[in-house]
Amino acid sequence: MGLIVGLEEKLPSGFLLTTVEKLAGYMRKNSLWPATFGLACCAIEMMAAGAGRYDLARFGMEVFRASPRQADLMIVAGRVSNKMAPVVRQIYDQMAAPKWTIAMGACASSGGMFNNYAIVQGVDHIIPVDIYLPGCPPRPEMLMDAILKLHEQIGNEKLGPNREKIIKEVEAAALAAKPIHQLKGLLA
Ligand code: SF4
């Protein structure tokens, strides 16, 4: 009798029903490859998340790719200077689609304490962002939590006409929303 390692015991012995959306979401969320890419101090925490103590490999995420063409997750770790902005955008454009972005830390999310002419006041001015992660810097546990939340989001993503319907609904809600504050910095 062969050795049974455990997974087989948990699988249903008959057949399994699911939808194409669920299956695609399951495969996508479990095969994310982040781009090797760090901008400032937050990147140190991102590196720690990949090292032995926190071990991002537990979630199949240890394969940081050196080429954007092999990556589908951008973790913007650190402040984005105006000079760096076109480079960030180019890397994003070169990444394989579908792709996702995490703005890691206060600087990437909103400019943080760097409210000045040199720093982009939130990376969402240049690329779409799926998860905003607060903190200065966020700890590796927080990054891992953000990644797990992104996994959840990807797992529930719709495809085809369902996806178009959701995009239209989100756009309509954004257009109907009232501004809650003036986007003026401290220097305005
Ligand atoms: S959020 Fe804090 S730790 Fe991260 S890049 Fe900005 S200053 Fe550095």
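Helices (H or I, at least four residues) and strands (E, at least two) are DSSP runs, numbered from the N terminus. Keep that numbering at hand for this tour of a predicted model.

**Stop 1: the largest pocket**

Start by selecting strand 2 (100-104) and helix 7 (160-176), since each supplies at least two residues of the lining of the largest pocket. Which element gives the largest share of that lining? It is helix 7, with 5 residues. Now show D130, Q153, E157, R163 and I167 as sticks: of the 19 lining residues, these lie nearest the pocket's centre. The space inside comes to about 440 Å³. If you colour the lining by class, you will find 9 nonpolar, 3 polar and 7 charged residues.

**Stop 2: the cavity**

Keep E157 selected, because its name appears again in the next lining. The largest cavity is lined by E157 together with E21, A24, G25, R28, I154 and L159. Select helix 2 (residues 20-29) next, as it gives the largest share of this lining, 4 residues. How many cavities of 30 Å³ or more does a search of the whole structure find? The search finds 1, and the largest cavity has a volume of about 40 Å³. Its lining divides into 3 nonpolar, 1 polar and 3 charged residues.

**Stop 3: around the ligand**

Move to the ligand and select what surrounds it: A40, C41, C42, G78, R79, A106, C107, M113, F114, G135, C136 and P137. By class, this shell holds 9 nonpolar residues, 2 polar and 1 charged.

Two members of the shell, C136 and P137, deserve a look at the backbone. A cis peptide bond joins C136 and P137, with omega at about -10°. To place P137, look in the loop between strand 3 (131-133) and helix 6 (140-155).

**Stop 4: more backbone to inspect**

Most residues other than glycine have a negative phi, and most peptide bonds are trans. With that in mind, select A97 and P98: the peptide bond from A97 to P98 is cis, with omega near 0°. You will find P98 in the loop between helix 4 and strand 2.

Then go to D55. Is its phi positive or negative? D55 has a positive phi of about 60°, although it is not a glycine. D55 sits in the loop between helix 3 (42-50) and strand 1 (73-77).

**Stop 5: charges and rings**

Side chains of opposite charge can pair when their charged atoms come close. Select D93 and R89 to see a salt bridge between their side chains, at 2.9 Å from N to O. Why can these two be reached from one another along the helix? D93 and R89 are 4 residues apart in helix 4 (residues 85-94), so about one helical turn separates them. The structure holds 4 salt bridges.

Now turn to the rings. Show W33 and R65: the charged end of R65 sits over the ring of W33, 4.9 Å from its centre. A second view of this kind comes from K99, which lies over the face of Y92 at 4.6 Å from the ring centre. How many aromatic pairs does the structure hold? The count is 0.

Definitions and conventions:
Residues numbered from 1 in each chain as written. Predicted model: local features only at pLDDT ≥ 70, side-chain atom pairs only at ≥ 80, totals over all residues. Heavy atoms only, no water. Near = heavy atom within 4 Å. Nonpolar A, V, L, I, M, F, W, Y, C, P; charged D, E, K, R; others polar. 1 Å grid on protein atoms, 1.4 Å probe; cavity = no way out; pocket = protein on both sides within 12 Å on 5 of 7 lines; lining within 4 Å. Points joined across faces, edges and corners; volume = space filled by probe spheres on them. Phe/Tyr/Trp six-rings, centres within 6.5 Å; stacked < 30°, edge-to-face > 60°. Lys NZ or Arg CZ within 6 Å of the ring centre and 35° of its normal.
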